[in-house]
Each structure stands twice: as structure tokens, then as C-alpha cells.
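Here's a quick walk through the fold, from the strands to the core and the helices. Have the model open while you read.

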Amino acid sequence: MYIQKEVYNLLTFNLLVLLKVLGANSKESKFQDFRKVAYLTHFISTDSNFNEFSKQELAIIYSKSHLKKQLLSHLILILKNKNYIGVDVNYNRNSLDIWLMEQNIPNDFFDKNLFSKEIENIKTLKSELPRLKVLTIKNVVDTIFTNNKVITWEV
């Protein structure tokens, strides 16, 4: 169905660029509840305007997002162990909050030319989902999927 290494690479790039663009670079400015990333990665990589997708396309994206959550949890552990991200337990949301440890990432990783499309897509998502770093996962799912008439289940 997919090549796991490629999925991990894509998730890593999207996650690190997302944290950089949102300014989640310390425990104080952390990205709350990493699971939201699973719902955002498709829009970061392709077209950020989720309102332009059909109900059927959004339903497929929603279903695939659930599969990405487990991959993301593994990825979070790997990136934490390599000191690329910081991780904090969020007991209120039963999840993990994350932030970028930019000083441990090679300087040329965030080449704006290489990630220009992703950066623009993240900026668009940020404008469509104000306060994205602190929004609950339910609010993200409701805004992107439920409000566009996609049947969702508990997140």
C-alpha cells in the first residue's frame, strides 16, 4: 500500500517544517497534541485549502489520517531520541505536546526554496485555523472535516 520509509520521511519533513513555520520552538511555544499533525500532513504536502476538496476526497483523507497517528507516535519517539524535537506529556488532552529543537537540526535543512510550497501551505492552514498550535484535535477535525459534511468518529 505504501513504502514505510517514504512515509516516515514525508512525515518528518512535514512535521519539522510545520513546527518551524508555527514557531513551536520551545516548551513555552509548543505545538499542543501531536495527533493534529496526522490530519494536516495531506494539506501541507498538496493543497492547503481544505474547503476546495470534495466530501469524498475529505473522507478518504480523514480515514488515512487515522493510520498516520501510529506512525507519528513512532516518529515522535525517534525524533525525541535524536534531540530534534522536545516532548512533554499533556495530561489534559491525553497526548504529547512537541516543539522543535532547531539548534540540533542542520542549518540548511529549512531551505526556503526546497520547502516553499509546504511553507505557503502551512501559512494558509494557519490563516484558516487560527491558533493552530493550541487548538484541540476536535476543533481541527470539526473545522476541516465535520463542517464539510464528512462523517467523523471520535478522535
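A bit of bookkeeping before the hairpin: two strands count as paired if DSSP finds at least two bridges between them. This is a predicted model, by the way.

With that in hand, take β1 (residues 85-90) and β2: six bridges join them, and they run antiparallel. Asn 90 stands opposite Ser 95 in β2. The hairpin has four residues between its strands, and Asn 94 takes a positive phi near 50° there.

Zooming out, the protein has five helices and two strands, and along the sequence they come in the order α-α-α-β-β-α-α. The radius of gyration is 15 Å, close to the 15 Å that the globule rule gives for 155 residues, so the protein is as compact as a globular protein of that length. Along the principal axes, the C-alpha trace spans about 40 × 40 × 35 Å. Of the 155 residues, 44% count as buried. Looking at contacts with a separation of 6 or more, 71% come from residues 24 or more positions apart.

What sits in the middle? The largest nonpolar core has 46 residues, and those with the most contacts inside it are Phe 31, Leu 40, Phe 43, Leu 58, Ile 144 and Phe 145. Here are the elements that give two or more residues to this core:

| Element | Residues |
|---|---|
| α1 | 4-22 |
| α3 | 55-81 |
| β2 | 95-100 |
| α4 | 116-128 |
| α5 | 137-144 |

The element α2 belongs on that list too. Phe 31 is worth clicking on: leaving out residues up to four places away in sequence, it touches Leu 18, Leu 19, Leu 22, Ala 24, Lys 36, Val 37, Leu 40, Asp 97, Ile 98, Leu 132 and Lys 133.

Now compare two helices. Why is α2 (residues 36-45) largely enclosed by the rest of the structure? Nine of its 10 residues are buried, so there's the reason. The buried ones are Lys 36, Val 37, Ala 38, Tyr 39, Leu 40, Thr 41, Phe 43, Ile 44 and Ser 45.

Over in α4, Glu 118, Ile 119, Asn 121, Ile 122 and Leu 125 are buried. Seen down the axis of α4, its buried residues fall within an arc of 165°, so they line one face of the helix. The general background is that an α-helix has 3.6 residues a turn, so residues three or four places apart point the same way. As for length, the 13 residues of α4 should span 18 Å at 1.5 Å a residue, and its end C-alpha atoms are 18 Å apart, which agrees.

How values were computed. Residues are numbered from 1 along each chain as its sequence is written. This is a predicted model: local features need pLDDT of at least 70, side-chain atom pairs count only at pLDDT 80 or more; totals for chains, interfaces and linings use all residues. Side-chain values use heavy atoms; hydrogens and water are left out. Buried means under 20% relative accessible area, exposed over 50%, partly exposed in between (1.4 Å probe, protein chains only). A nonpolar core is a set of buried Ala, Val, Leu, Ile, Met, Phe, Trp, Tyr and Cys residues joined through side-chain atoms within 4.5 Å. Contact means heavy atoms within 4.5 Å. The expected span of a helix is 1.5 Å times one less than its number of residues. The arc is that of the directions from the helix axis to the C-beta atoms. The radius of gyration is taken over C-alpha atoms; the globule rule is 2.2 Å times the number of residues to the power 0.38.
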